[in-house]
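I am opening a fresh page for what I look up in this structure. I want to go through it topic by topic and write down only what I can point to.

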Amino acid sequence: MRLIKLSLAAIVAVGALANLASATSLEEAIKNVEVTGYARYRFDSQNAKLASFEDTDNEHRFTSDIDFKAALDDRFFGVIGFRYDSVDSSGENVNSKTMVGIDDRGEDSFGQTFNIRQFYLGYTAGNTTVMAGRQVLGTFFTDDMVGTGIKVLNSDISGLTLVGMAFDNLQDDSDIGSRAFILGNAKATLDPNTGEISGKLEYVTDRNLYGVAAIGSYDPVSFQLWYSALDSVAQLYAADVTLGANLGDVDLSLQAQAAGSSMWANSARAVAYDSTQVPAKYEMVDLNLDDATFLAAKLGAKGFGFDGSVGYININTKDNGYSLISFEDQGGFITAGEDLLDYTFINGDLSAYFVTAGYTFANKVRVGADYVGMRVVYNEIKNIEPSSTVDAYEAVARVDYKYSKKLNFKAWYSYINGDNETSDNQHLRFEARYNF
């Protein structure tokens, strides 16, 4: 028998040919793949006025989430999701973040500007689906936050979906108002001039999140019941009930919500800027954490091209402590306006009412407006910020253009006015979005 010696290049070539011979064709590989997501461009121009200074910020933001779902067999499926997200300062290139590579931190702590946002395996048996891996949490208390864990959905009961989940490695999203809470007794070193902290610290996103829910729809009533536990920080609960009715060509709806937080932690620390000192400096302050309750109701109507709603919101904190109602962004809570209301960092007692109205032309263009009036009795922060009562309102003008089923444009202008030397803010946004 004669031995044949192959060079390294020849061995690689033979291996590649062997793999190609047994490889799945591209057509076969993608025929069972579902693609969902969006590509979005935003331009934001914001102007904030305080008693002592004025700041203007203009930004371009490019964002795209694309998820690929592939059926692995009759019961298993896999999902991988990619995200591109960059915010570039308008008028200057020094803060451009459209690069991908070294020293590229991206936005909202997803990782780099281009990164893998979701990566999980799913299994379906009957009316039960189990998903394990890196995925969007999808709770009532979060918006688009991701974490690593497991989620179980069951719909054995007609019209009712039961949910259970457990997550860790939570995304440190900028829409988390409590993200600055420093937990535990870890020692921290603070630079009084810059506010930068060093040391081994623990924040709320370092804890695990668990949750259960029941989501039902029995015409004309739909409801959601949620409970989530943020390990050693807080328990969050919410109930949402919506009643719908039709009177001729007019659709009516009444939505009511009750929610709250029960704080496990008694206190936290945070960095505050003390302008009362000369010179002014940053220092670490203690914050008392306590329970909070949330009540809201919204009445809506839609017909003959017109739509409108009126609503009321009330938030109370116990014993003047700091708390949260929603963990990340506004979650599934009743809200209005764009920038005034924030449920992720509660530092006072709040009451607000809102009115919205709009008209849609030819099912394409909607012109609308929001008005939100708010009063807050803020809690005292040590001796740096005394307790105070602030009245503020937000007025929003909107235009939405539905060019096609998948391509939409919108623009809005928000103006916030507050008394007691609080900030006046103007915010203009233009957005173009394509949904896959």
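**Entry 1: charged pairs**

I began with R398, which forms a salt bridge with E338, their closest N and O atoms being 2.6 Å apart. The model is a predicted one, and I keep that in mind for every value on these pages. This pair links distant parts of the chain, since I found R398 in strand β22 (residues 388-402) and E338 in the loop between β19 and β20, 60 residues apart. I then looked up how covered the two partners are: R398 is buried at a relative accessible area of 16%, whereas E338, at 30%, counts as partly exposed. The limit for "buried" is under 20% relative accessible area, so R398 with its 16% falls on the buried side.

How many salt bridges does the structure hold? I noted 12. As background, I wrote down that side chains of opposite charge can pair when their charged atoms come close.

Next I turned to D44, whose salt bridge with R429 has its closest N and O atoms 2.8 Å apart. D44 belongs to strand β1 (residues 33-49) and R429 to strand β24 (residues 424-435), so this salt bridge ties together parts that are 385 residues apart in sequence. Both partners turned out to be buried, D44 with a relative accessible area of 9% and R429 with 15%.

A further salt bridge that I looked up joins R83 and D85, and here the closest N and O atoms are 3.1 Å apart. R83 is buried at 2% relative accessible area, and D85 is buried with a value of 2% as well. I also recorded that R83 and D85 belong to a network of salt bridges, in which they are linked with R61, D65 and R117.

**Entry 2: aromatic rings**

I counted on the record of ring pairs here, which gives 21 aromatic pairs in the structure. One of them is formed by F181 and F345, an edge-to-face pair with 5.7 Å from centre to centre and 65° between the planes. F181 sits in the loop between β7 (160-168) and β8 (182-183), while F345 sits in the loop between β19 (306-317) and β20 (348-361), which puts the two 164 residues apart. F181 is buried, with a relative accessible area of 2%, but F345 is partly exposed at 26%.

For another case I took Y434 and F436, an edge-to-face pair with 5.7 Å between the centres and 85° between the planes. Y434 is partly exposed at 35% relative accessibility, and F436 is partly exposed too, at 39%.

Which charged ends sit over a ring? I noted K69, whose charged end lies over the ring of F77 at 4.5 Å from its centre, and R433, whose charged end lies over the ring of Y38 at 4.0 Å from its centre.

**Entry 3: the nonpolar core**

I then followed the aromatic residues inward and found one aromatic cluster made up of F140, F141, F294, F333 and Y343. Two of its names came up again when I looked at the largest nonpolar core, which has 53 residues, and in which F294, I313, F327 and F333 touch the most other members. For F333 I wrote out the contacts, leaving aside residues up to four places away in sequence: they are F140, F141, A238, Q257, A259, F294, I325, S326 and Y343. In soluble globular proteins, nonpolar side chains tend to be buried together.

**Entry 4: one residue in a strand**

I picked V355 next, which is found in strand β20 and is partly exposed, with a relative accessible area of 39%. Its C-alpha atom is separated by 5.3 Å from that of Y371, although these two residues are 16 apart along the chain. Apart from residues up to four places away in sequence, V355 touches S309, V310, A369, D370 and Y371.

**Entry 5: the whole chain**

Last, I looked up the totals, and noted that the protein has two helices and 24 strands. Of its 436 residues, 36% count as buried. Among contacts between residues at least 6 apart in sequence, 54% join residues at least 24 apart. The protein exposes about 23900 Å², and carbon and sulfur atoms supply 55% of this area.

Technical notes. Residues numbered from 1 in each chain as written. Predicted model: local features only at pLDDT ≥ 70, side-chain atom pairs only at ≥ 80, totals over all residues. Heavy atoms only, no water. Phe/Tyr/Trp six-rings, centres within 6.5 Å; stacked < 30°, edge-to-face > 60°. Helix = DSSP H or I, 4+ residues; strand = E, 2+ residues; numbered from the N terminus. Buried < 20%, exposed > 50% of the residue type's maximum accessible area, 1.4 Å probe, protein only. Lys NZ or Arg CZ within 6 Å of the ring centre and 35° of its normal. Core = buried A, V, L, I, M, F, W, Y, C linked by side-chain atoms within 4.5 Å. Contact = heavy atoms within 4.5 Å. Areas by Shrake-Rupley, 256 points an atom, 1.4 Å probe, with all protein chains shown as cover. Salt bridge = Lys/Arg side-chain N within 4 Å of Asp/Glu carboxyl O.
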